[in-house]
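Student: I should like to look closely at one part of this structure and then see how that part fits into its surroundings. Please begin with a single residue and work outward from there.

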Amino acid sequence: MATRGNRIRWNFYFMGRVIPYLILSLIGILFVVPLLWVIFAAFDAHATLSIRIPQATIGNFVSILTDEANQRSFMNGLFLSLGQSVLVVIVAGLAAYPLSRYQLKYKRPFMYVILFSTSLPLTAVMVPVYQMFALLQFQDSLIGTMLFLTASALPYAIWIMKNFMDSVPIELEEAAWCDGASVWQGLRLVVAPLMLPGIFTVMIFTFASSWGNFFVPYILIQSPEKLPASVSIYQFFGQYGLVEYGKLAAFSLLYTIPAVTLYILGQRYMSEGFNFSGATKG
Amino acid sequence: MGGLISKSGLTGNIYLRSFLFLLPSWVLLLLFFFGPILMTFFFAFTNMSLTGVASRNIEFVGFKNFTSMFSDPTFYTSVTNTIVFLVFSAIIGQQILGFILALLMRERSRSFRRIIGVLVLAGWVTPEIVVAFVWFAFFGDQGTANTVLGWLGLKPVAWLHQFPMVCVIIANIWHGTAFSMLVFQAALGDVPKEIEEAAMIDGATGWQRLWRVILPMIRGSIMTNMVLITLQTLGVFTLIYALTGGGPGIATETLPIFMYHQAFVNYQLGYGTAISLILLLIGIIASILYIRLLKVKI
């Protein structure tokens, strides 16, 4: 009797405790294996398509980083993404102010339109955007591409910025007005510093998604010397054909690192974002 | 007191000031976002082309683009492909795997949970073009998948040629599951422990608790997640384009790839716009559904 009871208990324990760990570990392994290949191949002098222990070298990274075309594509990507995220923060921050502070008749419909726009697939508008750029003679321009990317990121950014601004107490601003500050000064000197976590969140996520965006610059930019890293990496597929997988892996890794770093940073700001609402207490 | 101060802060015309604050975003949104959306409705009825005479003299052609679309067998294949891709990679793959992950990760040790979470999130934060490359290497003829088959004494498989749709579906599950996992982790975190415990005391088995307690309680999250991943997956271009190019043949040609091929490879911008109008309409319907589900307070 006792052994049977033990066995049932053990079975129960096994089902409830061990199985979930096994399943999760298996899923974890399946998720990491494809990624391991890039990391190994990047450090492999004679990388193949298959995962294997590398013949350790940093040669792949050196040749990627010393290549002028690659340097330029990283700089283009940086210009595009940094420019876009700064613009997005400024424009969305300005838009969020009246939406957060004033009672406006058109606020509800406006916010609904914004919310609606956040969920539309960007892919669907790329052909008309191209047509518009063609009509305006705006093609092949990094600035034009940046402005389009800014507009496409605005709905989400305005929404987030408004939420962050709602949690900055209006009393702090009123105190500043009392001391003779203008609305503009109040926004700049009181609200903006308190919104830093929100600003960083928007900036980081805008930068990361822009940095990873292939389709938009692929359609809007033609000159090879203007292409950002997200597009020039695709040219590798054809350029090196079936030979230099190590270099392609090294490029992928170098290109992925900024996005990953920013997402890690962003998560911290995301959770800190709402912790300053106690500013008026005490 | 407070009222008096805010009055002095709010002197001047609130509407004029709001207008000025909102002006830059309005200009950008109208010019680069809503403008193109409205233009879709116009260009879809023209013969605009990338090169040649029609690139300068745009002519109104009525429903010609749509009639040729509806008589094009490739269009129907791409609709079917889009549905298959959507159902298997997003609704079944990402959603169910994401839910299983979130469910199993509850009550596991903190460090274990974190490790698994990071591994799944790695697929999510990897840029789409790199995701394509990663899976190109995995399913390539000399890739990891075939190496593993070799260890097992099996013959290699030309994955990307024989099972291209399976490859893009797996790649998209790898890339997108983290999103559903995060949504369900948050949703499960909001399910009160007491209700589950009460069900347990009443003798409900694990399955019963899942079906009768947990799932009904997070129904809202399931629906919003479903709409969101549908919208995301509907727009997937880079992953498929770089991994298979829509091929072999038209085996993985989804609507965005079909749109791209017609507009930029076959130079039929008007036709391409007609396809993007279809995509846009599906997106608009899903977005309206999403807003309905959200019941946000503004």
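Tutor: Let us begin with Asp140(A), which counts as buried because its relative accessibility is 16%, under the limit of 20%. Please keep in mind throughout that this is a predicted model.

What does Asp140(A) form a salt bridge with? The partner is Lys226(A), and the closest N and O atoms of the two residues are 3.9 Å apart. That distance falls within the cut-off of 4 Å. The two ends of this bridge are covered to unlike degrees: Asp140(A) is buried at 16%, whereas Lys226(A), at 27% relative accessibility, is partly exposed.

The positions of the two residues deserve attention. Asp140(A) sits in the loop between α5 and α6 of chain A, while Lys226(A) sits in the loop between α10 (215–220) and α11 (229–239) of chain A. The two are 86 residues apart, and the pair therefore links distant parts of the chain.

The loop that holds Asp140(A) has another feature. Gln137(A) also has its place between α5 (126–135) and α6 (142–166) of chain A. Although Gln137(A) is not a glycine, its phi is positive, at about 55°. Gln137(A) is exposed, with a relative accessible area of 65%; Asp140(A), in contrast, is buried. The loop thus contains both an exposed residue and a buried one.

Following the chain from this loop, we enter helix α6, where Lys162(A) and Asp166(A) form a salt bridge with their closest N and O atoms 2.8 Å apart. Why are these two separated by about one helical turn? The reason is that they stand four residues apart in helix α6 of chain A. An α-helix has 3.6 residues a turn, so residues three or four places apart point the same way. Here too the partners are covered to unlike degrees: Lys162(A) is buried at 7% relative accessibility, and Asp166(A) is partly exposed at 39%.

Chain B offers a further case to set beside these two. The side chains of Glu196(B) and Arg106(B) meet in a salt bridge, with 3.1 Å from N to O. Glu196(B) belongs to helix α10 (residues 193–201) of chain B and Arg106(B) to the loop between α4 (73–105) and α5 (110–125), so this bridge ties together parts that are 90 residues apart in sequence. Both of its ends are covered: Glu196(B) is buried at 8% relative accessibility, and Arg106(B) is buried at 16%. Over all chains, the whole structure has four salt bridges, including the three described here.

We may now place the first bridge within chain A as a whole. Chain A has 12 helices and zero strands, and buried residues make up 52% of its 282 residues. Among contacts in chain A with a separation of 6 or more, 73% are between residues 24 or more positions apart. The pair Asp140(A) and Lys226(A), 86 residues apart, is a salt bridge between such distant parts. The accessible surface of chain A comes to about 13,000 Å², of which carbon and sulfur atoms contribute 67%.

How many salt bridges does the rule find across the interface of chain A and chain B? The count is zero, although 90 residues of chain A are in contact with 87 residues of chain B. The two chains bury about 8,100 Å² between them, with 81% of it on carbon and sulfur atoms. Leu24(A), Phe31(A) and Gln131(A) supply 9% of the area that chain A buries against chain B, more than any other three residues. Helix α1 (residues 2–42) of chain A gives the largest share of the side that touches chain B, namely 17 residues. By class, that side has 69 nonpolar, 17 polar and four charged residues. Nine residue pairs are nevertheless in polar contact across the interface.

To return to the starting point, Asp140(A) is a buried residue whose salt bridge reaches Lys226(A), in a loop 86 residues away along the chain.

Technical notes: Residues numbered from 1 in each chain as written. Chains lettered and ligands numbered in written order. Predicted model: local features only at pLDDT ≥ 70, side-chain atom pairs only at ≥ 80, totals over all residues. Heavy atoms only, no water. Contact = heavy atoms within 4.5 Å. Buried area = accessible area lost by both parts, 1.4 Å probe. Polar contact = N/O pair within 3.5 Å; in protein donor to acceptor, adjacent residues only side chain to side chain. Nonpolar A, V, L, I, M, F, W, Y, C, P; charged D, E, K, R; others polar. Buried < 20%, exposed > 50% of the residue type's maximum accessible area, 1.4 Å probe, protein only. Areas by Shrake-Rupley, 256 points an atom, 1.4 Å probe, with all protein chains shown as cover.
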